[in-house]
Amino acid sequence: MDGAAADRFDTSRFEASRDRLASLAYRLLGSATDAEDAVQDAFLHWQSADRRRIRVPEAWLTKVVTNLCLDRLRSARVRRERTAGAWLPEPLLDGDPMLGPAETAEQRESVSLAVLTLMERLSPPERAVYVLREAFSYRHAEIAEILGITDSASQQHLHRARRRVTAARRGGEVDPASARRVAEEFFAAASSGHTERLVELLTDDATAVTDGAGLTSGLLRYDTPRDVAAIARSGFRSTAAKRRFAGGPLTVHSAHVNGAPAILFTRADQVVGAVTFDLAHGRIATVRGIAAPARLTRLAEAWRRYGPDAPPLIARW
């Protein structure tokens, strides 16, 4: 095999792992944009490596991507952003390959917006061990080799990570159709101004967070059901000012994002806003409003490619 043919062969070997590597990086970083950058950096490492000495390319690439992600999590810039209260995980439309694998409950949970948010409480090594073990079923010996730690350290990191995630978990898996109905009912109650029904649909400790469409330096948080109901009623009410800000009338769709129900606002097939819901025991525990364009880039691309799976809730909002 000549040099050019070998390069093409090696490139194809990398591309065969790209989706898996992107899924790993997304779980570690909570950002599709940063995950794509990490995978591209891994490709550059792959190109510059002596590939004849790499016996198991999948293991080698997993190690490279994991450590590139840990370097990002430890960087001063990322720490500043995430401690300044301006960070939210980047939502992805269900069906996006970056969400895989999703065969088990643990794999699906590891990519939920709730768990991606909870993992901000973990140290970078705890986060890496949790993802490699829960989402990709690596053995502790393999994780230890990837991270350069001992088997016992890997087990300790996993124990601490599981304890912290479990302690903050709001509820088990919810039937997707039932969850979608609750989210749609919440939207209907909010847009019609039925505050009491809104509160009934919320857990007693419900919270909400919004990025203020990227117009605020930090996130806006609401910590009581009454406050959540008030901001939802205001946010879901159609007004001329909102239409001017969005550049025209919007269409409202029900969708699934990161395995959870969501309400999407679109204009000319472009997603301009997403509201996601975490449910616990049949009621809404967390509402997230995401409208900063940088957080919607990949979701918007997937929406343009696949489109809605049902008629809109409102064709002209």
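Select phenylalanine 187 first: its relative accessible area is 4%, so it is buried (under 20% relative accessible area; over 50% is exposed, and in between is partly exposed, with a 1.4 Å probe and protein chains only). This is a predicted model, where local features need pLDDT of at least 70, side-chain atom pairs count only at pLDDT 80 or more, and totals for chains, interfaces and linings use all residues. Residues are numbered from 1 along each chain as its sequence is written, and side-chain values use heavy atoms, leaving out hydrogens and water.

**Aromatic rings**

Add phenylalanine 236, which is buried at 5% relative accessible area. Rings of Phe, Tyr and Trp (its six-membered ring) pair if their centres lie within 6.5 Å; planes under 30 degrees apart are stacked, over 60 edge-to-face, and the rest tilted. Phenylalanine 187 and phenylalanine 236 form an edge-to-face pair, 5.0 Å centre to centre with 75 degrees between the planes. The pair links distant parts of the chain, 49 residues apart. Phenylalanine 187 is in helix 10 (residues 176–192), and phenylalanine 236 is in the loop between helix 12 (225–235) and helix 13 (240–246). Helices (H or I, at least four residues) and strands (E, at least two) are DSSP runs, numbered from the N terminus.

Widen the selection to Phe186, Phe265, Phe277 and Trp317: with Phe187 and Phe236 they form one aromatic cluster.

Now jump to phenylalanine 14 and phenylalanine 43. How far apart are the ring centres? They are 5.0 Å apart, and the planes stand at 55 degrees, so the pair is tilted. Phenylalanine 14 is in helix 1 and phenylalanine 43 in helix 2 (residues 32–48), 29 residues apart. Both are buried.

Next, show tryptophan 46 with arginine 51. The charged end of arginine 51 sits over the tryptophan 46 ring, 5.9 Å from its centre (the rule: NZ of Lys or CZ of Arg within 6 Å of the ring centre and within 35 degrees of the ring normal).

**The cores**

A nonpolar core is a set of buried Ala, Val, Leu, Ile, Met, Phe, Trp, Tyr and Cys residues joined through side-chain atoms within 4.5 Å. The largest has 63 residues; Phe14, Tyr26 and Leu264 have the most contacts inside it. Helix 1 (residues 3–29) gives the most to this core, with eight residues. Apart from it lies another core of 27 residues, including Ala206, Val228, Phe277 and Val287.

**The strands**

Select strand 3 (residues 251–257): seven of its seven residues are buried. Both faces are covered, with Thr251, His253, Ala255 and Val257 on one side and Val252, Ser254 and His256 on the other.

Add strand 4 (residues 260–267). Strand 3 and strand 4 pair in the antiparallel sense over seven bridges (at least two DSSP bridges make a pair). Alanine 255 has alanine 262 as its bridge partner. In the turn of this hairpin, asparagine 258 has a positive phi of about 50 degrees.

Move on to strand 5 (residues 270–280). Nine of its 11 residues are buried, so the rest of the structure largely encloses it. Strand 4 and strand 5 pair in the antiparallel sense over six bridges. Isoleucine 263 stands opposite valine 275. In strand 6, valine 275 has glycine 289 as its bridge partner. Strand 5 and strand 6 (residues 283–290) are antiparallel over seven bridges. Histidine 281, in their turn, has a positive phi of about 55 degrees.

Finish at threonine 203 in strand 1 (residues 202–210). Buried or exposed? Threonine 203 counts as buried, at 9% relative accessibility.
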